[in-house]
Amino acid sequence: MEQVKKVTEGKMKKTVQALVEEFNTIRTGRASAALFEKIQVEYYGQKVPINQVATISVPEARLVVIQPWDRSVLAEIEKAIFKSELSVNPNNDGKVIRINIPPLTEERRKELVKLTKNMAEQSRIAIRNVRREANEELKKMQKSSGLSEDASKRGIDEIQKLTDKYINDVNDLLEKKEKEIMEV
């Protein structure tokens with residue numbers, strides 16, 4: 001029973017962590033290095049994440065500076081940023097790329113909030129699916145290996161407590177991200 005609980009908690013943690021990573025890629029009005037981490041750059045015939053060929057820094061609230069370790073990749077980084085869905089204009093001065101992050105329009109903010117709510121709901125569904133799998137496993141154990149009915153019931157209650165905890169974590173993350181997006 002403890003093994004089922006441990007596996008279930010691990011899966012739920014991974015679901016919440018995946019949501020955090022997804023939220024980091026959503027552009028808010030503020031500059032963030034995380035916005036650029038998923039962008040892939042062509043480097044010596046390979047597609048690599050931008051943070052593996054350059055340093056990404058945020059010197060000001062609305063400015064991102066990308067400094068490649070090898071200047072020959074500057075044009076490729078610029079091209080990859082243009083192709084991304086971030087809708088930003090990189091300024092290449094031959095040494096670094098500067099990106100001003102413009103404030104979001106009210107309409108775009110509402111679209112992003114809707115997107116984050118959808119991502120959060122997908123995470124809640126995933127957590128509930130993990131709960132269902134764990135409950136089925138406990139019921140199988142009760143039938144096959146003689147796990148007592150009380151122990152099975154106790155296990156199901158513990159799984160429900162885990163589910164509630166991780167769904168609350170998702171809700172907290174969503175609330176925080178919504179505030180961040182709506183902030184002017």
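**Exercise 1. State whether Tyr 44 is buried or exposed, and describe the aromatic pair to which Tyr 44 belongs.**

Solution. In this predicted model, Tyr 44 has a relative accessible area of 68%, and because exposed means over 50%, Tyr 44 is classed as exposed. The next step is to look for ring partners: the structure holds one aromatic pair, and this pair is formed by Tyr 43 and Tyr 44, with 4.7 Å centre to centre and 70 degrees between the planes. Since planes over 60 degrees apart count as edge-to-face, the pair is given that label. The last step concerns the partner, Tyr 43, which at 26% relative accessibility counts as partly exposed.

**Exercise 2. Work out the strand order of the open sheet of four strands, and identify which strands stand at the edges.**

Solution. The order of the four strands in this open sheet is 3-4-6-5, and the pairing is antiparallel. Strand 3 (54-60) and strand 5 (90-92) are at the edges, where each has a single partner strand, so one side of each lacks a neighbour in the sheet. From one strand to the next, the twist averages 25 degrees.

The pairings can then be taken in turn. Strand 3 and strand 4 are antiparallel and share five bridges, and a hairpin of two residues links strand 3 to strand 4. Within this pairing, Thr 55 lies opposite Gln 67 of strand 4, while Ser 57 has Val 65 of strand 4 as its bridge partner. On to the following pair, strand 4 (residues 63-68) and strand 6 (residues 97-100) are joined in the antiparallel sense over four bridges, with Val 64 standing opposite Ile 99 in strand 6.

To finish with the surroundings of the sheet, helix 2 (residues 74-83) packs on it and touches strand 3, strand 4, strand 5 and strand 6, the direction of helix 2 making about 165 degrees with that of strand 5. As for strand 4, five of its six residues are buried, so strand 4 is largely enclosed by the rest of the structure.

**Exercise 3. Determine which residues of the largest nonpolar core touch the most other members, and which elements give two or more residues to this core.**

Solution. The largest nonpolar core has 22 residues, and those touching the most other members are Phe 36, Ile 50, Ile 66, Ile 77, Ile 81 and Ile 99. Two or more residues come from each of strand 3, strand 4, helix 2 and strand 6, and helix 2 gives the most, with four residues. Taking Ile 50 as a worked case, and leaving aside its neighbours within four places in sequence, one finds contacts with Phe 36, Ile 39, Val 41, Ile 56, Ile 66, Ile 77 and Ile 81. Apart from this core lies another, of 18 residues, including Ile 26, Leu 112, Leu 162 and Ile 167.

**Exercise 4. Compare the spans of helix 1 and helix 4 with their expected values, and establish what packs against their buried residues.**

Solution. Begin with helix 1, whose 23 residues reach 33 Å from the first C-alpha to the last, close to the 33 Å expected at 1.5 Å a residue. Helix 4 (residues 149-182), with 34 residues, reaches 49 Å between its first and last C-alpha, close to the expected 50 Å.

The second step is burial. In helix 1 the buried residues include Val 4, Met 12, Val 16, Leu 19 and Phe 23, and the buried residues of this helix pack against helix 3 and helix 4. In helix 4 the buried residues include Gly 155, Ile 159, Leu 162, Tyr 166, Ile 167 and Lys 177, and their cover includes helix 1 (2-24) and helix 3 (106-144).

**Exercise 5. Place Asn 135 in its element, decide whether Asn 135 is buried or exposed, and list what Asn 135 touches.**

Solution. Asn 135 is located in helix 3. Its relative accessibility is 15%, and because buried means under 20%, Asn 135 counts as buried. When residues up to four places away in sequence are not counted, Asn 135 touches Ile 156 and Ile 159, and Ile 159 is among the buried residues of helix 4.

Note on methods
Residues are numbered from 1 along each chain as its sequence is written. This is a predicted model: local features need pLDDT of at least 70, side-chain atom pairs count only at pLDDT 80 or more; totals for chains, interfaces and linings use all residues. Side-chain values use heavy atoms; hydrogens and water are left out. The expected span of a helix is 1.5 Å times one less than its number of residues. Buried means under 20% relative accessible area, exposed over 50%, partly exposed in between (1.4 Å probe, protein chains only). Contact means heavy atoms within 4.5 Å. Two strands pair if DSSP finds at least two bridges between them. Axes are lines fitted to C-alpha atoms, for helices over the stretch in contact, and angles run from 0 to 180 degrees between N-to-C directions. A nonpolar core is a set of buried Ala, Val, Leu, Ile, Met, Phe, Trp, Tyr and Cys residues joined through side-chain atoms within 4.5 Å. Rings of Phe, Tyr and Trp (its six-membered ring) pair if their centres lie within 6.5 Å; planes under 30 degrees apart count as stacked, over 60 as edge-to-face and the rest as tilted.
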